[in-house]
Amino acid sequence: MKRIAFLFTHAPHGDASGREGLDALLATSALSDYIGVFFIGDGVLQLLPCQQPDTILMRNYIATFGVLPLYDIERCYLCAVSTDQRGLNADTAWVIDVERLAPDALRATLADYDTVLTF
């Protein structure tokens with residue numbers, strides 16, 4: 001069975017890539033048992049709690065990431081350097097449980113996947 005990685009690299013607001021990625025991720029979970037979710041760069045902002053997208057007339061899908069464990073998606077990784085660069089620390093209450101990895105460890109983990117889809 002193929003190992004599929006979903007890589008979120010964009011901020012949650014301004015385009016639909018995060019929502020499209022989340023939709024693809026949930027749909028793929030019915031087809032594959034080995035899925036990993038990676039958040040790097042501005043993608044780490046996808047997981048911040050208490051966002052108010054309605055103030056900029058965007059739909060709120062951020063909380064939907066919270067259903068990933070219900071879909072048996074438990075391999076979720078966050079780039080530690082990306083969070084540090086954005087002033088976020090290890091104590092941030094993300095909307096899902098994620099493992100913070102240094103860039104080298106994140107690349108090594110990502111290398112274990114057959115397919116990488118970037119959003």
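## Overall make-up

How much accessible surface does the protein chain have, and what share of the surface belongs to carbon and sulfur atoms? The accessible surface comes to about 6400 Å², and 52% of it belongs to carbon and sulfur atoms, where accessible areas come from the Shrake-Rupley method with a 1.4 Å probe and, for residues, only the protein chains shown count as cover. This is a predicted model, in which local features need pLDDT of at least 70 and side-chain atom pairs count only at pLDDT 80 or more, while totals for chains, interfaces and linings use all residues. Residues are numbered from 1 along each chain as its sequence is written, and side-chain values use heavy atoms, with hydrogens and water left out.

The protein chain holds three helices and five strands, which follow one another along the sequence in the pattern β-α-β-β-α-β-α-β; helices (H or I, at least four residues) and strands (E, at least two) are DSSP runs, numbered from the N terminus. Of the 119 residues, 42% are buried, a term that stands for under 20% relative accessible area, with exposed meaning over 50% and partly exposed in between (1.4 Å probe, protein chains only). Among the contacts with a separation of 6 or more, 76% are between residues 24 or more positions apart, contact being defined as heavy atoms within 4.5 Å.

## Strand β2 and its partners

Strand β2 (35-39) is mostly covered, since five of its five residues are buried. Its two faces are both covered, with I35, V37 and F39 buried on one side and G36 and F38 buried on the other.

On one edge, β2 pairs with β1 in the parallel sense over five bridges, strands being taken as paired if DSSP finds at least two bridges between them; within this pairing, A5 stands opposite G36 in β2. β2 is also joined to β3 by four bridges, and these two strands run parallel, with F38 standing opposite Y77 in β3. Together, β1, helix α1 (residues 17-28) and β2 make a right-handed β-α-β unit, where right-handed describes a crossover whose path from the first strand over the helix to the second runs clockwise when the strands point away from the viewer.

## Nonpolar cores

The largest nonpolar core contains 21 residues, of which F8, L25, V37, F39, F65 and L68 touch the most other members; such a core is a set of buried Ala, Val, Leu, Ile, Met, Phe, Trp, Tyr and Cys residues joined through side-chain atoms within 4.5 Å. At least two residues of this core come from each of β1, α1, β2 and β3. A second, separate core has nine residues, including A5, C79, L101 and L110.

V37 is in contact with F6, F8, L25, I73, R75, C76 and Y77, when its neighbours within four places in sequence are left aside. One of these, C76, lies in strand β3 and is buried, with a relative accessible area of 5%. Not counting residues up to four places away in sequence, C76 touches V37, L68, I96, D97, V98 and E99, and its C-alpha atom is separated by 5.9 Å from that of G36, although the two residues are 40 apart along the chain.

## Helix α3

In helix α3 (residues 103-110), the residues L106, T109 and L110 are buried. They lie on the same side of α3 because they cover an arc of only 100° around the axis, the arc being that of the directions from the helix axis to the C-beta atoms. The face turned away from this buried side carries the exposed residues D104 and R107. What covers the buried residues of α3 includes β1 (4-8), β2 (35-39), β3 (75-79), β4 (99-101) and β5 (115-118).

## Individual positions

Two serines are buried. S17, found in helix α1, has a relative accessible area of 12% and is therefore buried, and it touches H10 and F119, not counting residues up to four places away in sequence. S29, in the loop between α1 and β2, is buried with a relative accessible area of 13% and, on that basis of counting, touches I35, Y71 and I73.

D72 has its place in the loop between β2 and β3 and counts as exposed, at 59% relative accessibility. Most residues other than glycine have a negative phi. D72, although it is not a glycine, has a positive phi of about 60°.
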